[in-house]
Amino acid sequence: MSTPASGLSLIRTIAIGVLAFLMVIGSSSRGGAGKSAEHIPDAPATTKYLLDASKSKFIAHAFAGGLFWFKGHDHYVAAKDFSGEVGITTESLTPASLRLVVKSGSLVETGAVFTEPQKQIINKELREIVLQPEQYPEIIFQSTGVTGKPAANGRYDVKITGDLTLHGVTRSIVIPAQVTLSGSDMRAVGEFSIDRGDYKVKATSAFHGLVRVRDKVKFNFDVVGHRL
């Protein structure tokens, strides 16, 4: 029994259509499998810590200088009101970040060699001549990069590069520190120095200028942060 030519043509058309459909499905399946096989690495987890000023120390050490420097005393000016946030990458420390904001009006003399009345005079000069908190209420440090390496006993040696804004002037500095992570706490200890002239910070003097504060000011810090 023969099949009409028109019927064969219809069968061939249907067969070609089915074959084309199967090829499209197969191609899509292979493409989908390829995409699902691609591995996109997860972003490193970051842990944030808020600084606790009540359990921290941030002190500026200003050295006595001038011709009669031996008649003067070094100043130890402590920041009583500051806040900040530290970001640390889990298990590797870096990438990391630091933002520190110090209320300039909170800096006070703590040197043991000064009497309370003397401290009051120094603090008045700090506000009116040196820091001028009404015009420059905040001292801000914002990191731009952090490098670090493991040290002994679970500590990390780090170098924090960033911008320090003081007395309306912003300059880049590097702060070396040792960081310790313990449970939900973070502790950073270190010191760095600046030239107060770079920030147009004035200094008071005594004995008609024969005793004055030197240009170099050293900062010591021991700050504690708690995990958010």
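## A hairpin to start with

Strands β8 and β9 make a hairpin that has 2 residues between them, and His167 in the turn shows a positive phi of about 55 degrees. Keep in mind while browsing that this is a predicted model. The two strands run antiparallel and are joined by 12 bridges. One pairing to look for is Thr165, whose bridge partner in β9 is Thr170.

## The overall layout

Stepping back, the protein contains 2 helices and 12 strands. Their order along the sequence is α-β-β-β-β-β-β-α-β-β-β-β-β-β. Of the 228 residues in the protein, 32% are buried. The accessible surface comes to about 14,400 Å², and carbon and sulfur atoms account for 58% of that surface.

Contacts give another view of the fold. Taking those between residues at least 6 apart in sequence, 63% join residues at least 24 apart.

## Neighbouring hairpins

Strand β8 also pairs with β7: strand β7 (residues 138-150) and strand β8 (residues 155-166) run antiparallel, with 10 bridges joining them. Within this pairing, Gly148 has Val158 in β8 as its bridge partner. The β7 and β8 hairpin has 4 residues between the strands, and there Asn153 takes a positive phi near 55 degrees.

On the other side of the opening hairpin, strand β9 (residues 169-182) is joined to β10 by 6 bridges, again in an antiparallel arrangement. Here Ala177 stands opposite Gly190 in β10. This hairpin has 2 residues between the strands, with Gly183 at a positive phi near 60 degrees.

## The two faces of β10

Side chains in a regular strand alternate between the two faces of the sheet. Strand β10 (residues 185-195) is a nice case to step through in your viewer. Met186, Ala188, Gly190, Phe192 and Ile194 point to one face and are buried. Asp185, Arg187, Val189, Glu191, Ser193 and Asp195 point to the other face and are not buried. Gly190, the residue opposite Ala177, therefore belongs to the buried face, as Phe192 does.

## Aromatic rings

A pair of aromatic rings is described by the distance of the centres and the angle of the planes. For this model the count comes to 5 aromatic pairs. In one of them, Phe58 and Phe82 have ring centres 6.2 Å apart and planes at 50 degrees, so the pair is tilted. Phe58 lies in strand β2 (residues 57-65) and Phe82 in strand β4 (residues 82-89), so this pair ties together parts that are 24 residues apart in sequence. Both fall under the 20% cut-off for burial: Phe58 has a relative accessibility of 12%, and Phe82 has 5%.

Phe192 and Phe219 make a stacked pair, 5.0 Å centre to centre with 10 degrees between the planes. The pair links distant parts of the chain, with Phe192 in strand β10 and Phe219 in strand β12 (residues 211-227), 27 residues apart. Both Phe192 and Phe219 are buried. Together with Phe221, these four residues make up one aromatic cluster: Phe58, Phe82, Phe192, Phe219 and Phe221.

## Salt bridges

Side chains of opposite charge can pair when their charged atoms come close. The whole structure holds 7 salt bridges. One of them joins the side chains of Lys103 and Glu138 (2.9 Å, N to O). Lys103 lies in strand β5 (residues 93-103) and Glu138 in strand β7, so the pair ties together parts that are 35 residues apart in sequence. Lys103 is partly exposed, with a relative accessible area of 36%, and Glu138 is partly exposed at 32%.

Another brings Glu116 and Lys119 together (3.6 Å, N to O). Both lie in helix α2, 3 residues apart, about one turn of the helix. Glu116 counts as exposed at 51% relative accessibility, whereas Lys119 is buried at 14%. Leaving aside residues up to four places away in sequence, Lys119 touches Glu109, Thr110, Gly111 and Phe114. A further bridge links Arg196 and Asp215 (3.2 Å, N to O). Arg196 lies in the loop between β10 and β11 (205-206) and Asp215 in strand β12, so this pair ties together parts that are 19 residues apart in sequence. Arg196 is buried, with a relative accessible area of 14%, while Asp215 is partly exposed at 39%.

Note on methods:
Residues are numbered from 1 along each chain as its sequence is written. This is a predicted model: local features need pLDDT of at least 70, side-chain atom pairs count only at pLDDT 80 or more; totals for chains, interfaces and linings use all residues. Side-chain values use heavy atoms; hydrogens and water are left out. Contact means heavy atoms within 4.5 Å. Buried means under 20% relative accessible area, exposed over 50%, partly exposed in between (1.4 Å probe, protein chains only). Two strands pair if DSSP finds at least two bridges between them. Rings of Phe, Tyr and Trp (its six-membered ring) pair if their centres lie within 6.5 Å; planes under 30 degrees apart count as stacked, over 60 as edge-to-face and the rest as tilted. Accessible areas come from the Shrake-Rupley method with a 1.4 Å probe; for residues, only the protein chains shown count as cover. A salt bridge is a side-chain nitrogen of Lys or Arg within 4 Å of a carboxyl oxygen of Asp or Glu.
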